[in-house]
Amino acid sequence: MSLRLPNLAVAALLLAAAAILALGDHSRAASPNATAVASPACGQIQYGGKGQPEALIVSDLPLQGDSQQRSLQMNDAIRLVLEGANWQAGGVKVGFQACDDSSAKTGLWTVAQCQANANAYAADPSVLAVVGTYNSGCAEAMIPILSNAPGGGVAMVSPGNTLICLTQSSPSCPQGQPGSLYPGARNYARVVPNDAYQGAGLASFAKKHGVKRAFVLYAGKDPTSLGQAKTFRGAARKLGVKLVGFKAWNPKAKNYRGLMGSVAMTKPDGVLLAGLTEENGGRLIKDKVSVLGNNTKVKLLAPDGFAQQSTIDLAGKASKGMFASVPGQVPQNLTGVGKKLVAELEIELNGPVELYAPYAGQAAEVVLNAIGSGKDRPGTIASVRATSVHNGITGSFDILPSGDPSVGPITVSVAKKTFVPFQVLEPGSSLVKAARHG
């Protein structure tokens, strides 16, 4: 998921990273007695092995607000992977600590909390890897601190970040990114495709399903939502879909009937919403249907920020028939060990499994194998960057030098009582390139 760090915070990151260096050298391998991360944002160490853990994997996710249930499922998946490995990584006993990057007031991640968490992980030599974050802006805040952490940096593998600029350059990226995010080690990787794939996939889907005139809306003052809107625009233009409008919505507005009235004047047959359900998405969807008609008459499309059960819960019947894309494969389509993990989660949850839970499990599998090979912080980072997964939880892929996975499937689901998988697309490289350049 993409949410970008405001530019004014970037300078503070390097200062925070530099401050970490004063904490001393933690280059040794995992301690015989792992210590819990000293932060009120983190829960207790979970460990099911004999004796005491020697190293920690921490997760960094929003555990409050509308994202809470999704994040709890992700933590369940991480725990199940560790249980399946008997809490071992190449002879190293590994514990797990779940940490929260969200605000109790808003339920959303904050720059301050993400930086505080990263400082706490960097300062604890027991922490060899982070599974997270979900929001790309939080990753943008954490990566420089963890890159420059004592002992060669802390590995970070995300199950949900989609912002292009974390790993690749784009005209929409702040100057110097992604290079400026890494003052130390190139410590970051992700197991989901980035927004260029998602924009290309959604545009291809729109074209195939009869959208000839598209109006693009994005959450105002959120650079990541704007970035997602631009990736769709770039791919749509290459495919010959006419863009009849490109406009922001105010997440704090009481209603969007006036906005949708101006959209209706352009006579679109498709509308894209680039943003998050949490950005007043339920009201936006209701007013779209009220003014423009149902989602069969004028197709409604959205990237992964809307691909969660809370969208349907908040928008009600107005969500019926809308399409939402997600990076990667949905849980229902996984096979082999992925299917097994989903079945285990379904039993625990007594309900449906959200998209990012298996990807959190996959990220945990990547860092677990990396710890087993690397043993210490720099070794773990090197092993993450050399990852090659064969028939893993989410399939087979390599981690490219950029930190991205080598495959980029996009799944489009349709809203009914829940989001139901509708079509899987694998956009070609030329379309992905067009999306990346917006």
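The legends below describe close-up views of a predicted model.

Local features are taken from this predicted model where pLDDT is at least 70, side-chain atom pairs count only at pLDDT 80 or more, and totals for chains, interfaces and linings use all residues. Residues are numbered from 1 along each chain as its sequence is written, and side-chain values use heavy atoms, with hydrogens and water left out.

**View 1. Confidence along the protein chain.**
The average pLDDT of the protein chain is 92, and 93% of the residues score at least 70. Here pLDDT is the predictor's confidence in each residue, from 0 to 100. Residues 6-31 have a pLDDT below 50. In the model this stretch has 48 contacts beyond near neighbours in sequence; a contact means heavy atoms within 4.5 Å.

**View 2. The open sheet of 7 strands.**
The strands follow the order 8-7-9-10-11-14-15, and their pairing is mixed. Strands (E, at least two residues) and helices (H or I, at least four residues) are DSSP runs, numbered from the N terminus. Two strands pair if DSSP finds at least two bridges between them. Strand 8 (242-249) and strand 15 (419-425) stand at the edges with a single partner strand each, so one side of each has no neighbour in the sheet. On average, neighbouring strands of this sheet are turned by 25° against each other, direction ignored. Within the sheet, strand 11 (residues 323-327) and strand 14 (residues 410-415) are paired in the antiparallel sense over 5 bridges. Phe323 has Val414 in strand 14 as its bridge partner.

**View 3. Helix 5 with the sheet and with helix 13.**
Helix 5 (residues 195-208) lies across strand 9 (270-274), strand 10 (299-302), strand 11, strand 14 and strand 15. Helix 5 runs at about 95° to strand 15. Axes are lines fitted to C-alpha atoms, for helices over the stretch in contact, and angles run from 0 to 180 degrees between N-to-C directions. The axes of helix 5 and helix 13 (residues 429-436) come within 8 Å and cross at roughly 110°. Helix 5 and helix 13 are therefore roughly perpendicular to each other. Angles of 65 to 115 degrees count as roughly perpendicular, those under 35 as roughly parallel, those over 145 as roughly antiparallel and the rest as oblique. On helix 5, Ala196, Tyr197, Ala200 and Ser204 meet Leu431, Val432, Ala435 and Arg436 of helix 13. The residues of this contact are 6 nonpolar, 1 polar and 1 charged. Ala, Val, Leu, Ile, Met, Phe, Trp, Tyr, Cys and Pro count as nonpolar, Asp, Glu, Lys and Arg as charged, and the others, Gly among them, as polar.

**View 4. Helix 6 against helix 13.**
Helix 6 (residues 223-239) packs on helix 13 at an angle of about 130°, with the axes 6 Å apart. This angle makes helix 6 oblique to helix 13. The crossing of helix 6 and helix 13 is right-handed. A crossing is right-handed if the near helix is turned clockwise from the far one by less than a right angle, and left-handed if anticlockwise. Lys230, Thr231, Gly234, Ala235, Lys238 and Leu239 of helix 6 meet Ser430, Leu431, Ala434 and Ala435 of helix 13. This contact has 5 nonpolar, 3 polar and 2 charged residues.

**View 5. The open sheet of 6 strands.**
The order of the strands is 2-3-1-4-5-6, with mixed pairing. Strand 2 (88-89) and strand 6 are the edge strands, and each pairs on one side only. Strand 4 and strand 5 run parallel and are joined by 3 bridges. Val131 stands opposite Val157 in strand 5. Helix 2 (residues 68-84) packs on the sheet and touches strand 1 (55-61), strand 3 (92-100) and strand 4. The direction of helix 2 makes about 160° with that of strand 1.

**View 6. Backbone details in three loops.**
The peptide bond from Gly132 to Thr133 is cis, with omega near 0°. Thr133 is in the loop between strand 4 (127-132) and helix 4 (136-147). Gln177 and Pro178 are also joined by a cis peptide bond, with omega about 10°. Pro178 is in the loop between strand 5 (155-158) and strand 6 (188-190). Asn280, not a glycine, has a positive phi of about 65°. Asn280 is in the loop between strand 9 and helix 8 (281-292).
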